[in-house]
Amino acid sequence: MSERKSKDGTVNNSPADSSQDDSAGLPAVLSANHSANHSANHSVNLSAGFPDALPAALPVYFRYNKKNAYSYSALVPALPGATFSKKPENGIMIYSFFTNQKEDIFEEICQARADRLNSFFIAGGPHPSGAAAKTLEYFDAVVIGEGEETLPKMVSRILENERKGIDRKTGFEEIAGIAFKNNVGGIVITPPGPAVELDKFPCFSPNSIWRPLEISRGCPHRCKFCQTPQMFGYKMRHRSVSEIVKYAAYYDDLRFLSSNAFAYGGNGVTQKPEKVKDLLSSLSNLGGKRIFFGTFPSEVRPEFATEDMIDLVVKYCANDSLSIGAQSGSDTVLNEIGRGHSAEDVYNAAEVCLGAGITPIVDFIIGFPSETITDQEKTLEMIDWLCRNGGKVHAHYLTPLPSTPYEHSVPAKVHPDISKKLGKLALGGQLTGVWENIKQRTVENKDG
Ligand code: SF4
């Protein structure tokens with residue numbers, strides 16, 4: 001999920017990030033940092049289905065930031081004339097950002113406007129999609145949700161309007177899935193367009209930023225903390241095996257993007273082990289690849305971590321761990337947040353993994369608004385069990401994200417005894433993350 005951007009909006013480190021360091025040059029060409037098979041057949045037709053190179057009425061830039069590189073990698077092929085910039089420029093500036101980046105970005109836009117740059121600012125990605133109205137206080141337009149179809153249409157329209165010398169937003173109301181301010185300051189949000197067909201768009205541009213192979217998009221579940229269904233819809237879509245194999249040729253190590261890797265080929269509720277098998281065996285047939293399936297930046301839902309699935313991992317994959325989203329050890333909390341699985345499912349998944357010699361790396365969120373000390377104790381109990389039995393845990397504090405039911409909620413405080421015990425487990429090296437509200441701790445330390 002890279003900066004490690006998990007579905008709840010928290011940021012972690014990325015073992016899989018093959019994008020460039022922000023301090024290094026901009027991503028125009030392949031970098032030696034890529035774990036890539038440079039002898040791969042680079043014959044993917046990137047321009048298929050896309051507009052011709054953009055005319056130069058206004059230059060078009062992606063505002064590059066290492067943390068957002070993956071968001072751009074799917075969009076670069078759709079805008080072949082665009083380049084990257086590390087600062088606002090005169091022209092069309094495209095930003096993608098997460099909630100925890102918004103203050104810096106908004107400040108940058110304000111400064112650019114104060115400097116009187118001749119720029120048209122477009123925002124997209126998780127935060128702007130969930131908070132379009134607020135984002136329009138700074139930006140000229142917002143792409144809501146998927147950008148592959150919408151962004152080229154918006155950019156083409158701006159360039160056409162620029163050539164005609166008319167208002168850059170003329171005709172925006174005809175573009176599906178966007179938000180913008182009209183000439184009298186009213187906010188216009190157009191109806192969403194159809195979901196993107198993944199096979200119609202490359203996973204990434206081999207000439208620019210690479211990213212893990214996106215095998216699926218969307219999620220049928222409704223976890224209250226998560227933006228994924230709002231961004232990508234409740235229907236799971238999948239890239240075909242043949243397309244995935246085509247892009248797999250570029251890598252030696254294969255990692256994947258999905259809301260639930262074990263749901264590949266299905267509706268996200270029921271497993272299709274034969275589809276997962278077809279995918280993994282096809283990738284395995286490429287030869288010379290190490291397949292990491294169900295690990296960061298993907299994770300799997302616990303009820304999908306069955307013996308059938310783990311057997312496929314053992315047979316075809318190189319990973320000796322599996323990333324599992326548990327989120328809480330309390331059934332009360334799991335019901336309240338709409339997870340659609342039980343605490344028992346998490347224990348079962350961990351046992352299946354451990355029995356097969358796979359280390360379960362289990363994700364938890366602490367601080368759900370209704371969470372009580374009893375709930376936190378149940379979570380601690382599960383974390384403790386996992387650590388004692390050979391599992392690993394990543395815990396983090398809830399960030400209420402825009403467009404989610406928790407957007408305006410106040411996270412529960414982490415009880416000091418729970419925090420202390422988690423701290424002790426962290427000292428043992430099996431628990432990582434930031435599981436408490438740093439502000440809370442600072443205030444308590446001052447008070448105490
Ligand atoms: S299962 Fe829940 S947390 Fe995971 S992507 Fe779907 S809604 Fe988000």
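I count two strands as paired if DSSP finds at least two bridges between them, and I apply that rule throughout to what is a predicted model.

Entry, the sheet. I looked first at strand E16, residues 321–327, and found that it pairs with strand E17, residues 359–366, in the parallel sense over 6 bridges. Within this pairing I noted that Ile324 stands opposite Val362 in E17. I then checked how covered E16 is, and 6 of its 7 residues turn out to be buried. Following the pairings onward, I obtained an open sheet of 4 strands in the order E16-E17-E18-E19, with parallel pairing. The edge strands are E16 and E19 (431–432), each of which pairs on one side only. For the other end of the sheet I looked up strand E18, residues 392–397, which runs parallel to E19 and is joined to it by 2 bridges; here His394 stands opposite Thr432 in E19. Helix H12 packs on this sheet, touching E16, E17, E18 and E19, and its direction makes about 160° with that of E17.

Entry, the helix pair. I next examined H12, residues 373–388, against helix H13, residues 416–427, and found them packed at an angle of about 10° with their axes 11 Å apart. Because angles under 35 degrees count as roughly parallel, I record H12 as roughly parallel to H13. On the H12 side the contact is made by Gln376, Glu377, Leu380, Ile383, Asp384 and Cys387, and on the H13 side by Ile418, Lys421, Leu422 and Leu425. Sorting the residues of this contact of H12 with H13, I get 6 nonpolar, 1 polar and 3 charged.

Definitions and conventions
Residues are numbered from 1 along each chain as its sequence is written. This is a predicted model: local features need pLDDT of at least 70, side-chain atom pairs count only at pLDDT 80 or more; totals for chains, interfaces and linings use all residues. A residue is buried if 20 or more other C-beta atoms lie within 10 Å of its own, exposed if 12 or fewer, and partly exposed in between; C-beta atoms are placed from the backbone. Axes are lines fitted to C-alpha atoms, for helices over the stretch in contact, and angles run from 0 to 180 degrees between N-to-C directions. Angles under 35 degrees count as roughly parallel, over 145 as roughly antiparallel, 65 to 115 as roughly perpendicular and the rest as oblique. Two residues are in contact if their C-beta atoms, placed from the backbone, lie within 7 Å. Ala, Val, Leu, Ile, Met, Phe, Trp, Tyr, Cys and Pro count as nonpolar, Asp, Glu, Lys and Arg as charged, and the others, Gly among them, as polar.
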